[in-house]
Amino acid sequence: MTADNSFLEWVYFIWQHNWPLFLIGARNTLIIALSGTIIGFFIGVLIGIIRTIPIDHKTHPVLRTAYNVVNFILLSYIEVFRGTPMMVQAMVIFYGAAMVYGVHLDPIPAGIFIVSINTGAYMAEIVRGGILSVDKGQFEAAHSIGMTHTQTMAFIVLPQALRSILPATSNEFVINIKDTSVLSVISVTELFFNSNSVAGINYRYFEVFLITCIIYFIMTFTVTRLLRYLEIKLEGPSVYIIHGSQTVPEAQIRIVGKE
Amino acid sequence: MDKIIEVRHLRKVFGNNEVLKDINFSVSKGEVVCIIGASGSGKSTLLRCLNLLEYPTSGEILYHGTNILEQKMSNAVYRTNLGMVFQQFNLFNNLTVLDNCMVGQLKVLKKDKAEARKTAMKYLELVGMAQYINAKPDQISGGQKQRVAIARALSMEPEALLFDEPTSALDPELVGEVLKVMKDLARSGLTMLVVTHEMGFARDVANRVVFMDAGVIVEEDVPEVIFNNPSNERTREFLRRILDE
(Lines give C-alpha, C1' and ligand atoms only; values in the text may rest on other atoms or scores of the structure.)
Protein backbone atom coordinates (compact mmCIF):
# COMPACT_ATOMS: atom_id res chain seq x y z
CA MET A 1 0.00 0.00 0.00
CA THR A 2 1.26 3.47 -0.86
CA ALA A 3 0.01 7.00 -0.60
CA ASP A 4 -1.35 6.62 -4.14
CA ASN A 5 -4.01 4.17 -3.03
CA SER A 6 -7.49 5.57 -2.65
CA PHE A 7 -9.06 6.43 0.69
CA LEU A 8 -11.47 3.50 0.64
CA GLU A 9 -8.69 1.09 -0.26
CA TRP A 10 -6.84 2.27 2.83
CA VAL A 11 -9.89 1.82 5.05
CA TYR A 12 -10.38 -1.68 3.69
CA PHE A 13 -6.67 -2.49 4.07
CA ILE A 14 -6.55 -1.30 7.67
CA TRP A 15 -9.65 -3.25 8.62
CA GLN A 16 -8.31 -6.37 6.85
CA HIS A 17 -5.08 -6.30 8.79
CA ASN A 18 -6.20 -4.98 12.16
CA TRP A 19 -9.77 -6.10 12.76
CA PRO A 20 -8.88 -8.25 15.79
CA LEU A 21 -7.45 -5.19 17.54
CA PHE A 22 -10.59 -3.15 16.81
CA LEU A 23 -12.86 -5.93 18.03
CA ILE A 24 -10.84 -6.57 21.19
CA GLY A 25 -11.00 -2.83 21.87
CA ALA A 26 -14.76 -2.77 21.28
CA ARG A 27 -15.22 -5.78 23.54
CA ASN A 28 -13.22 -4.18 26.35
CA THR A 29 -15.12 -0.94 25.92
CA LEU A 30 -18.42 -2.80 26.26
CA ILE A 31 -17.24 -4.81 29.25
CA ILE A 32 -16.08 -1.70 31.09
CA ALA A 33 -19.12 0.39 30.16
CA LEU A 34 -21.62 -2.36 31.05
CA SER A 35 -20.00 -3.39 34.35
CA GLY A 36 -19.43 0.25 35.26
CA THR A 37 -23.06 1.15 34.56
CA ILE A 38 -24.44 -1.82 36.50
CA ILE A 39 -22.18 -1.34 39.53
CA GLY A 40 -22.70 2.41 39.38
CA PHE A 41 -26.45 1.85 39.24
CA PHE A 42 -26.37 -0.15 42.46
CA ILE A 43 -24.16 2.44 44.15
CA GLY A 44 -26.64 5.07 43.03
CA VAL A 45 -29.69 3.15 44.26
CA LEU A 46 -28.08 2.57 47.65
CA ILE A 47 -27.11 6.21 48.09
CA GLY A 48 -30.43 7.43 46.70
CA ILE A 49 -32.27 5.33 49.30
CA ILE A 50 -30.06 6.51 52.15
CA ARG A 51 -30.46 10.14 51.13
CA THR A 52 -34.26 9.92 51.14
CA ILE A 53 -34.67 8.36 54.61
CA PRO A 54 -37.15 10.60 56.43
CA ILE A 55 -35.60 12.29 59.46
CA ASP A 56 -37.90 14.31 61.71
CA HIS A 57 -38.37 15.50 65.26
CA LYS A 58 -39.25 11.99 66.40
CA THR A 59 -35.89 10.55 65.32
CA HIS A 60 -33.46 9.90 68.17
CA PRO A 61 -30.81 12.69 68.34
CA VAL A 62 -27.90 10.22 68.11
CA LEU A 63 -29.39 8.64 65.00
CA ARG A 64 -30.00 12.06 63.54
CA THR A 65 -26.36 13.07 64.05
CA ALA A 66 -25.12 9.79 62.57
CA TYR A 67 -27.40 10.31 59.61
CA ASN A 68 -26.11 13.82 59.05
CA VAL A 69 -22.50 12.60 59.07
CA VAL A 70 -23.26 9.82 56.57
CA ASN A 71 -25.21 12.25 54.42
CA PHE A 72 -22.30 14.70 54.42
CA ILE A 73 -19.87 11.99 53.30
CA LEU A 74 -22.20 10.86 50.53
CA LEU A 75 -22.79 14.40 49.37
CA SER A 76 -19.02 15.04 49.26
CA TYR A 77 -18.55 11.90 47.17
CA ILE A 78 -21.27 13.00 44.74
CA GLU A 79 -19.95 16.55 44.41
CA VAL A 80 -16.29 15.55 43.99
CA PHE A 81 -16.93 12.91 41.34
CA ARG A 82 -19.43 15.01 39.44
CA GLY A 83 -17.21 18.06 39.66
CA THR A 84 -13.98 16.61 38.23
CA PRO A 85 -13.26 15.05 34.81
CA MET A 86 -13.21 11.26 34.66
CA MET A 87 -9.88 11.42 32.83
CA VAL A 88 -8.31 13.20 35.81
CA GLN A 89 -9.97 10.83 38.26
CA ALA A 90 -8.45 7.92 36.31
CA MET A 91 -4.97 9.43 36.59
CA VAL A 92 -5.30 10.22 40.30
CA ILE A 93 -6.71 6.81 41.23
CA PHE A 94 -4.46 4.72 39.00
CA TYR A 95 -1.16 6.43 39.79
CA GLY A 96 -2.25 7.34 43.33
CA ALA A 97 -2.92 3.69 44.16
CA ALA A 98 0.53 2.77 42.89
CA MET A 99 2.39 5.58 44.68
CA VAL A 100 0.56 5.83 47.99
CA TYR A 101 -0.49 2.24 48.57
CA GLY A 102 1.92 0.40 46.31
CA VAL A 103 -1.06 -1.24 44.59
CA HIS A 104 -0.51 -1.80 40.89
CA LEU A 105 -3.98 -2.11 39.43
CA ASP A 106 -4.61 -4.00 36.22
CA PRO A 107 -5.85 -1.45 33.70
CA ILE A 108 -9.23 -3.09 32.96
CA PRO A 109 -10.34 -3.64 36.57
CA ALA A 110 -9.07 -0.15 37.31
CA GLY A 111 -11.17 1.13 34.41
CA ILE A 112 -14.27 -0.65 35.68
CA PHE A 113 -13.67 0.76 39.16
CA ILE A 114 -13.33 4.32 37.89
CA VAL A 115 -16.38 4.17 35.62
CA SER A 116 -18.41 2.57 38.46
CA ILE A 117 -17.75 5.21 41.07
CA ASN A 118 -18.15 7.97 38.52
CA THR A 119 -21.49 6.57 37.35
CA GLY A 120 -22.49 5.98 40.98
CA ALA A 121 -22.16 9.69 41.71
CA TYR A 122 -24.45 10.60 38.82
CA MET A 123 -26.89 7.75 39.46
CA ALA A 124 -27.22 8.71 43.14
CA GLU A 125 -28.80 12.00 42.16
CA ILE A 126 -30.87 10.41 39.39
CA VAL A 127 -32.26 7.81 41.82
CA ARG A 128 -32.93 10.44 44.47
CA GLY A 129 -34.83 12.47 41.89
CA GLY A 130 -36.75 9.34 40.88
CA ILE A 131 -37.75 8.63 44.48
CA LEU A 132 -38.78 12.25 45.10
CA SER A 133 -40.84 12.25 41.90
CA VAL A 134 -43.06 9.44 43.20
CA ASP A 135 -46.33 11.02 44.34
CA LYS A 136 -46.54 11.73 48.07
CA GLY A 137 -49.92 9.99 48.06
CA GLN A 138 -48.19 6.67 47.34
CA PHE A 139 -46.22 6.97 50.59
CA GLU A 140 -49.33 8.01 52.52
CA ALA A 141 -51.41 5.16 51.14
CA ALA A 142 -48.67 2.65 52.02
CA HIS A 143 -48.34 4.09 55.52
CA SER A 144 -52.11 4.06 55.97
CA ILE A 145 -52.24 0.28 55.48
CA GLY A 146 -49.51 -0.11 58.08
CA MET A 147 -46.37 -0.41 55.96
CA THR A 148 -43.08 0.68 57.47
CA HIS A 149 -40.76 3.03 55.58
CA THR A 150 -38.64 0.08 54.41
CA GLN A 151 -41.66 -1.85 53.14
CA THR A 152 -43.02 1.24 51.43
CA MET A 153 -39.72 1.77 49.65
CA ALA A 154 -39.23 -1.86 48.68
CA PHE A 155 -42.70 -2.70 47.39
CA ILE A 156 -44.22 0.58 46.31
CA VAL A 157 -41.83 3.47 45.77
CA LEU A 158 -38.64 1.92 44.36
CA PRO A 159 -40.40 -0.11 41.65
CA GLN A 160 -41.99 3.13 40.43
CA ALA A 161 -38.85 5.22 40.86
CA LEU A 162 -36.64 2.71 39.04
CA ARG A 163 -39.00 2.53 36.11
CA SER A 164 -39.13 6.29 35.82
CA ILE A 165 -35.31 6.58 35.82
CA LEU A 166 -34.83 3.89 33.17
CA PRO A 167 -34.33 6.45 30.35
CA ALA A 168 -31.72 8.30 32.42
CA THR A 169 -29.96 5.00 33.16
CA SER A 170 -29.88 4.09 29.47
CA ASN A 171 -28.38 7.49 28.85
CA GLU A 172 -25.65 6.84 31.43
CA PHE A 173 -24.81 3.56 29.69
CA VAL A 174 -24.46 5.27 26.31
CA ILE A 175 -22.33 8.03 27.83
CA ASN A 176 -20.13 5.37 29.45
CA ILE A 177 -19.55 3.57 26.14
CA LYS A 178 -18.19 6.81 24.74
CA ASP A 179 -16.41 8.04 27.86
CA THR A 180 -14.40 4.87 28.42
CA SER A 181 -12.17 6.37 25.71
CA VAL A 182 -10.61 8.62 28.34
CA LEU A 183 -9.31 5.50 30.09
CA SER A 184 -6.68 5.25 27.33
CA VAL A 185 -4.63 7.59 29.55
CA ILE A 186 -4.09 4.69 31.96
CA SER A 187 -3.39 2.22 29.13
CA VAL A 188 -6.72 0.43 29.21
CA THR A 189 -6.89 -1.44 25.92
CA GLU A 190 -10.33 -0.19 25.00
CA LEU A 191 -11.42 0.85 21.53
CA PHE A 192 -9.81 4.28 21.47
CA PHE A 193 -6.47 3.03 22.83
CA ASN A 194 -6.34 0.20 20.30
CA SER A 195 -7.30 2.53 17.47
CA ASN A 196 -4.43 4.76 18.42
CA SER A 197 -2.09 1.78 18.23
CA VAL A 198 -3.37 0.84 14.78
CA ALA A 199 -3.04 4.42 13.59
CA GLY A 200 0.52 4.49 14.89
CA ILE A 201 1.43 1.41 12.86
CA ASN A 202 0.14 2.84 9.57
CA TYR A 203 0.26 6.59 10.14
CA ARG A 204 -3.28 6.75 8.72
CA TYR A 205 -5.26 8.57 11.42
CA PHE A 206 -8.32 9.58 9.41
CA GLU A 207 -9.01 6.12 7.99
CA VAL A 208 -8.45 4.40 11.34
CA PHE A 209 -10.63 6.75 13.35
CA LEU A 210 -13.40 6.63 10.78
CA ILE A 211 -13.59 2.90 11.44
CA THR A 212 -13.47 3.59 15.19
CA CYS A 213 -16.25 6.12 14.81
CA ILE A 214 -18.47 3.61 13.02
CA ILE A 215 -17.86 0.96 15.67
CA TYR A 216 -18.73 3.38 18.49
CA PHE A 217 -21.89 4.40 16.71
CA ILE A 218 -22.99 0.80 16.10
CA MET A 219 -22.52 0.08 19.82
CA THR A 220 -24.37 3.12 21.12
CA PHE A 221 -27.16 2.89 18.56
CA THR A 222 -27.78 -0.79 19.30
CA VAL A 223 -27.83 -0.15 23.04
CA THR A 224 -30.21 2.79 22.67
CA ARG A 225 -32.64 0.73 20.58
CA LEU A 226 -32.52 -2.25 22.94
CA LEU A 227 -33.17 -0.15 26.02
CA ARG A 228 -35.97 1.74 24.29
CA TYR A 229 -37.57 -1.58 23.46
CA LEU A 230 -37.27 -2.60 27.11
CA GLU A 231 -38.91 0.65 28.22
CA ILE A 232 -41.87 0.08 25.92
CA LYS A 233 -42.19 -3.50 27.15
CA LEU A 234 -42.25 -2.35 30.78
CA GLU A 235 -44.85 0.33 30.12
CA GLY A 236 -47.42 -2.23 29.04
CA PRO A 237 -50.70 -1.46 27.29
CA SER A 238 -52.56 1.69 28.29
CA VAL A 239 -56.04 0.21 28.19
CA TYR A 240 -57.53 -2.74 29.95
CA ILE A 241 -60.25 -4.43 27.96
CA ILE A 242 -63.01 -6.34 29.62
CA HIS A 243 -66.15 -7.71 28.06
CA GLY A 244 -68.77 -5.09 28.67
CA SER A 245 -69.12 -1.35 28.83
CA GLN A 246 -67.06 0.75 31.21
CA THR A 247 -69.89 3.22 31.63
CA VAL A 248 -72.51 0.64 32.55
CA PRO A 249 -71.37 -1.11 35.73
CA GLU A 250 -74.46 -3.33 35.77
CA ALA A 251 -73.33 -4.94 32.54
CA GLN A 252 -70.00 -5.78 34.09
CA ILE A 253 -71.57 -7.34 37.15
CA ARG A 254 -73.68 -9.61 34.98
CA ILE A 255 -70.51 -10.81 33.25
CA VAL A 256 -69.04 -11.76 36.60
CA GLY A 257 -72.11 -13.87 37.28
CA LYS A 258 -71.56 -15.74 34.02
CA GLU A 259 -67.96 -16.58 34.71
CA MET B 1 -70.95 2.73 73.78
CA ASP B 2 -67.56 1.30 72.93
CA LYS B 3 -65.40 4.18 71.81
CA ILE B 4 -62.88 3.18 69.16
CA ILE B 5 -61.16 6.52 68.97
CA GLU B 6 -61.36 9.45 71.28
CA VAL B 7 -59.56 12.73 70.74
CA ARG B 8 -58.83 15.08 73.63
CA HIS B 9 -57.59 18.67 73.40
CA LEU B 10 -56.04 17.99 70.02
CA ARG B 11 -54.03 20.85 68.52
CA LYS B 12 -52.19 20.97 65.23
CA VAL B 13 -50.04 23.90 64.22
CA PHE B 14 -48.37 24.39 60.82
CA GLY B 15 -45.83 27.18 61.25
CA ASN B 16 -47.86 30.11 62.58
CA ASN B 17 -51.12 28.63 61.45
CA GLU B 18 -53.18 26.89 64.11
CA VAL B 19 -55.23 24.50 62.01
CA LEU B 20 -56.84 22.56 64.85
CA LYS B 21 -57.69 24.25 68.15
CA ASP B 22 -58.58 22.09 71.12
CA ILE B 23 -60.59 19.39 69.36
CA ASN B 24 -62.57 16.98 71.54
CA PHE B 25 -64.32 14.26 69.67
CA SER B 26 -64.95 10.53 69.54
CA VAL B 27 -66.16 7.75 67.28
CA SER B 28 -67.95 4.71 68.64
CA LYS B 29 -68.27 1.27 67.17
CA GLY B 30 -70.80 1.04 64.34
CA GLU B 31 -71.22 4.78 63.99
CA VAL B 32 -71.18 6.67 60.71
CA VAL B 33 -69.91 10.17 61.39
CA CYS B 34 -69.74 12.83 58.69
CA ILE B 35 -67.51 15.86 59.11
CA ILE B 36 -68.63 18.85 57.10
CA GLY B 37 -67.30 22.38 56.83
CA ALA B 38 -65.73 24.86 54.44
CA SER B 39 -62.31 24.32 52.84
CA GLY B 40 -59.56 25.13 55.30
CA SER B 41 -61.73 24.45 58.33
CA GLY B 42 -59.36 21.68 59.45
CA LYS B 43 -61.56 18.67 58.77
CA SER B 44 -59.05 16.84 56.57
CA THR B 45 -56.24 17.64 58.99
CA LEU B 46 -58.28 16.15 61.83
CA LEU B 47 -58.76 12.96 59.83
CA ARG B 48 -55.07 12.81 58.93
CA CYS B 49 -54.10 13.31 62.57
CA LEU B 50 -56.25 10.33 63.55
CA ASN B 51 -54.06 7.89 61.65
CA LEU B 52 -50.91 9.94 62.21
CA LEU B 53 -50.29 11.02 58.64
CA GLU B 54 -50.00 14.37 60.40
CA TYR B 55 -48.47 14.32 63.83
CA PRO B 56 -50.53 16.33 66.35
CA THR B 57 -48.79 19.26 68.03
CA SER B 58 -50.41 18.45 71.36
CA GLY B 59 -53.33 16.58 72.85
CA GLU B 60 -54.27 12.94 73.12
CA ILE B 61 -55.55 10.34 70.70
CA LEU B 62 -57.04 7.42 72.61
CA TYR B 63 -57.45 4.14 70.79
CA HIS B 64 -59.69 1.93 72.97
CA GLY B 65 -58.62 4.08 75.89
CA THR B 66 -54.83 4.00 75.29
CA ASN B 67 -53.06 7.16 74.25
CA ILE B 68 -51.25 6.17 71.08
CA LEU B 69 -49.11 9.31 71.11
CA GLU B 70 -47.43 8.13 74.33
CA GLN B 71 -47.67 4.41 73.81
CA LYS B 72 -44.81 2.42 72.44
CA MET B 73 -47.05 0.82 69.81
CA SER B 74 -45.56 1.69 66.45
CA ASN B 75 -47.41 3.97 64.09
CA ALA B 76 -47.48 1.19 61.51
CA VAL B 77 -49.25 -1.31 63.78
CA TYR B 78 -51.75 1.28 64.96
CA ARG B 79 -52.57 2.33 61.40
CA THR B 80 -53.65 -1.17 60.36
CA ASN B 81 -56.67 -0.66 62.64
CA LEU B 82 -57.88 2.36 60.71
CA GLY B 83 -58.38 2.16 56.96
CA MET B 84 -57.99 5.32 54.93
CA VAL B 85 -59.58 6.31 51.64
CA PHE B 86 -58.01 9.35 49.98
CA GLN B 87 -59.39 12.09 47.79
CA GLN B 88 -56.79 11.28 45.13
CA PHE B 89 -57.32 7.47 45.46
CA ASN B 90 -53.56 6.85 45.76
CA LEU B 91 -53.70 3.35 44.34
CA PHE B 92 -50.25 1.83 44.06
CA ASN B 93 -49.42 2.54 40.42
CA ASN B 94 -46.95 -0.31 40.07
CA LEU B 95 -49.43 -2.97 41.17
CA THR B 96 -52.55 -4.50 39.64
CA VAL B 97 -55.97 -4.00 41.22
CA LEU B 98 -55.72 -7.37 42.95
CA ASP B 99 -52.16 -6.78 44.19
CA ASN B 100 -53.22 -3.39 45.55
CA CYS B 101 -55.65 -5.25 47.79
CA MET B 102 -53.18 -8.02 48.67
CA VAL B 103 -49.88 -6.26 49.32
CA GLY B 104 -50.84 -4.99 52.78
CA GLN B 105 -52.23 -8.34 53.83
CA LEU B 106 -49.08 -10.14 52.68
CA LYS B 107 -46.45 -7.73 53.92
CA VAL B 108 -48.07 -6.18 56.99
CA LEU B 109 -50.52 -8.80 58.27
CA LYS B 110 -48.23 -11.64 57.02
CA LYS B 111 -51.16 -13.64 55.69
CA ASP B 112 -50.52 -16.44 53.22
CA LYS B 113 -51.22 -15.83 49.57
CA ALA B 114 -54.38 -17.90 49.18
CA GLU B 115 -56.01 -16.33 52.20
CA ALA B 116 -55.03 -12.81 51.14
CA ARG B 117 -56.41 -13.41 47.67
CA LYS B 118 -59.68 -14.70 49.08
CA THR B 119 -60.11 -11.65 51.29
CA ALA B 120 -59.15 -9.29 48.48
CA MET B 121 -61.63 -10.93 46.09
CA LYS B 122 -64.39 -10.73 48.69
CA TYR B 123 -64.05 -6.96 48.96
CA LEU B 124 -63.39 -6.39 45.26
CA GLU B 125 -66.69 -8.18 44.58
CA LEU B 126 -68.36 -6.05 47.21
CA VAL B 127 -67.32 -2.86 45.38
CA GLY B 128 -68.07 -4.38 41.97
CA MET B 129 -64.49 -4.44 40.73
CA ALA B 130 -63.83 -8.19 40.67
CA GLN B 131 -63.60 -8.34 36.88
CA TYR B 132 -60.77 -5.80 36.83
CA ILE B 133 -58.33 -7.65 39.06
CA ASN B 134 -55.54 -7.67 36.48
CA ALA B 135 -55.89 -4.01 35.48
CA LYS B 136 -53.31 -1.42 36.43
CA PRO B 137 -54.60 1.77 38.10
CA ASP B 138 -53.98 3.94 35.03
CA GLN B 139 -56.24 1.68 32.98
CA ILE B 140 -59.43 2.33 34.99
CA SER B 141 -61.64 5.36 35.64
CA GLY B 142 -61.61 7.59 38.71
CA GLY B 143 -64.75 6.06 40.17
CA GLN B 144 -63.35 2.58 39.66
CA LYS B 145 -60.07 3.61 41.27
CA GLN B 146 -61.89 4.90 44.31
CA ARG B 147 -63.88 1.69 44.61
CA VAL B 148 -60.64 -0.32 44.45
CA ALA B 149 -59.15 2.02 47.07
CA ILE B 150 -62.11 1.23 49.33
CA ALA B 151 -61.60 -2.50 48.72
CA ARG B 152 -57.89 -2.10 49.49
CA ALA B 153 -58.68 -0.45 52.83
CA LEU B 154 -61.34 -3.07 53.66
CA SER B 155 -58.96 -5.94 52.82
CA MET B 156 -56.96 -5.01 55.90
CA GLU B 157 -60.20 -5.60 57.87
CA PRO B 158 -59.80 -2.45 59.94
CA GLU B 159 -62.05 -1.47 62.85
CA ALA B 160 -63.01 1.79 61.20
CA LEU B 161 -62.66 3.38 57.80
CA LEU B 162 -61.67 7.02 57.36
CA PHE B 163 -62.75 8.75 54.15
CA ASP B 164 -61.02 11.99 53.16
CA GLU B 165 -63.36 13.69 50.66
CA PRO B 166 -63.66 10.45 48.66
CA THR B 167 -65.74 11.93 45.83
CA SER B 168 -64.22 15.41 45.49
CA ALA B 169 -61.77 14.45 42.74
CA LEU B 170 -64.35 12.58 40.67
CA ASP B 171 -66.25 13.63 37.58
CA PRO B 172 -69.88 14.28 38.58
CA GLU B 173 -71.20 11.23 36.77
CA LEU B 174 -68.81 8.96 38.68
CA VAL B 175 -69.73 10.22 42.17
CA GLY B 176 -72.84 8.03 42.36
CA GLU B 177 -71.08 4.67 42.05
CA VAL B 178 -68.71 5.51 44.92
CA LEU B 179 -71.46 6.88 47.16
CA LYS B 180 -73.51 3.75 46.53
CA VAL B 181 -70.65 1.55 47.74
CA MET B 182 -70.24 3.78 50.79
CA LYS B 183 -73.97 3.60 51.59
CA ASP B 184 -73.87 -0.18 51.38
CA LEU B 185 -70.91 -0.24 53.75
CA ALA B 186 -72.67 2.07 56.20
CA ARG B 187 -75.73 -0.17 56.22
CA SER B 188 -73.56 -3.23 56.84
CA GLY B 189 -72.59 -1.70 60.20
CA LEU B 190 -69.04 -0.62 59.39
CA THR B 191 -67.67 2.21 61.52
CA MET B 192 -67.05 5.13 59.21
CA LEU B 193 -65.70 8.63 59.57
CA VAL B 194 -66.32 10.63 56.42
CA VAL B 195 -65.06 14.08 55.54
CA THR B 196 -67.39 15.13 52.76
CA HIS B 197 -69.05 17.87 50.77
CA GLU B 198 -71.89 15.51 49.80
CA MET B 199 -74.67 16.87 51.99
CA GLY B 200 -77.17 14.35 50.65
CA PHE B 201 -74.93 11.51 51.79
CA ALA B 202 -74.45 13.06 55.23
CA ARG B 203 -78.19 13.59 55.66
CA ASP B 204 -79.18 10.07 54.56
CA VAL B 205 -76.42 7.92 55.98
CA ALA B 206 -74.77 9.59 58.96
CA ASN B 207 -75.67 8.83 62.56
CA ARG B 208 -73.99 12.06 63.54
CA VAL B 209 -72.82 15.12 61.64
CA VAL B 210 -69.93 17.25 62.86
CA PHE B 211 -69.65 20.81 61.58
CA MET B 212 -66.17 22.33 61.73
CA ASP B 213 -65.13 25.91 61.15
CA ALA B 214 -61.75 27.62 61.60
CA GLY B 215 -60.18 24.70 63.44
CA VAL B 216 -62.93 24.08 65.99
CA ILE B 217 -65.94 21.79 66.16
CA VAL B 218 -68.82 24.25 66.10
CA GLU B 219 -71.67 21.84 66.40
CA GLU B 220 -72.34 18.12 66.32
CA ASP B 221 -75.66 16.37 66.32
CA VAL B 222 -77.86 13.93 64.44
CA PRO B 223 -78.34 14.96 60.78
CA GLU B 224 -81.99 15.95 61.30
CA VAL B 225 -80.95 18.64 63.78
CA ILE B 226 -77.87 19.86 61.88
CA PHE B 227 -79.67 20.17 58.57
CA ASN B 228 -83.14 21.27 59.74
CA ASN B 229 -82.58 23.12 62.94
CA PRO B 230 -78.93 23.95 63.62
CA SER B 231 -78.38 25.89 66.82
CA ASN B 232 -75.28 27.78 65.71
CA GLU B 233 -75.34 30.77 63.37
CA ARG B 234 -72.11 29.67 61.58
CA THR B 235 -73.64 26.25 60.81
CA ARG B 236 -76.77 27.91 59.42
CA GLU B 237 -74.66 30.25 57.28
CA PHE B 238 -72.52 27.41 55.90
CA LEU B 239 -75.50 25.22 55.04
CA ARG B 240 -77.36 28.10 53.43
CA ARG B 241 -74.36 28.78 51.21
CA ILE B 242 -73.67 25.18 50.24
CA LEU B 243 -77.30 24.10 49.73
CA ASP B 244 -78.03 27.14 47.54
CA GLU B 245 -75.42 26.08 45.02
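Here are some short exercises on this two-chain structure, each with a worked solution.

This is a predicted model, in which local features need pLDDT of at least 70, side-chain atom pairs count only at pLDDT 80 or more, and totals for chains, interfaces and linings use all residues. Residues are numbered from 1 along each chain as its sequence is written, chains are lettered from A and ligands numbered from 1 in the order in which they are written, and side-chain values use heavy atoms, with hydrogens and water left out.

**Exercise 1. The sheet in chain B**

Task: Find the strand order of the open four-stranded sheet in chain B, and work out which strands stand at its edges.

Solution:
- Start with the terms. Helices (H or I, at least four residues) and strands (E, at least two) are DSSP runs, numbered from the N terminus. Two strands pair if DSSP finds at least two bridges between them.
- Remember that strands of a sheet pair through backbone hydrogen bonds, either parallel or antiparallel.
- Now read the order: it is 2-1-4-5 in chain B, and the pairing is antiparallel.
- Strand 2 (17-28) and strand 5 (66-67) of chain B each have a single partner strand, so one side of each has no neighbour in the sheet; these are the edges.
- Look at one pairing inside the sheet. Strand 1 (residues 3-14) and strand 4 (residues 58-63) of chain B run antiparallel and are joined by five bridges. Across from B:Glu6 you will find B:Leu62, in strand 4 of chain B.

**Exercise 2. Where the chains meet**

Task: Describe the interface of chain A and chain B, from its overall extent down to its salt bridge.

Solution:
- Count the residues. Chain A brings 29 residues into contact (heavy atoms within 4.5 Å) with 32 residues of chain B.
- Next, the area. About 2700 Å² is buried between chain A and chain B, and carbon and sulfur atoms give 55% of it. Buried area is the accessible area (1.4 Å probe) that two parts lose on being put together, summed over both.
- Then the polar contacts, pairs of N or O atoms within 3.5 Å; within protein, one must be able to donate a hydrogen and the other to accept it, and residues adjacent in sequence count only if both atoms are side-chain atoms. Seven residue pairs across the interface are in polar contact, both residues at pLDDT 80 or more.
- Ask which helices of chain A take part. Helix 5 (136-144), helix 6 (149-164) and helix 10 (249-258) each supply at least two residues of the side that touches chain B. Helix 5 of chain A gives the largest share, eight residues.
- Last, the salt bridge, a side-chain nitrogen of Lys or Arg within 4 Å of a carboxyl oxygen of Asp or Glu. There is one between the two chains: B:Arg48 meets A:Glu140, at 2.6 Å from N to O.

**Exercise 3. A glutamine at the interface**

Task: Is A:Gln151 buried or exposed, and which residues is A:Gln151 in contact with?

Solution:
- Place the residue: A:Gln151 is found in helix 6 of chain A.
- Check its accessibility. Buried means under 20% relative accessible area, exposed over 50%, and partly exposed in between (1.4 Å probe, protein chains only). At 16%, A:Gln151 is buried.
- List the contacts, leaving aside neighbours within four places in sequence: A:Gly146, A:Ile156, B:Lys107, B:Val108 and B:Lys110.
- Zoom in on one partner. A polar atom of the A:Gln151 side chain lies 3.0 Å from the backbone oxygen of B:Lys107.

**Exercise 4. Salt bridges along helices**

Task: How far apart in sequence are A:Glu231 and A:Arg228, and how far apart are B:Lys180 and B:Asp184?

Solution:
- First, the total: the whole structure holds 22 salt bridges over all chains.
- In helix 9 (residues 205-235) of chain A, A:Glu231 and A:Arg228 are three residues apart, about one helical turn. Their side chains form a salt bridge at 2.7 Å, N to O. A:Glu231 is buried at 14%, whereas A:Arg228 is partly exposed at 38%.
- In helix 6 (residues 172-187) of chain B, B:Lys180 and B:Asp184 are four residues apart, about one turn of the helix. The closest N and O atoms of their salt bridge are 3.3 Å apart. B:Lys180 is exposed at 53%, and B:Asp184 is partly exposed at 37%.
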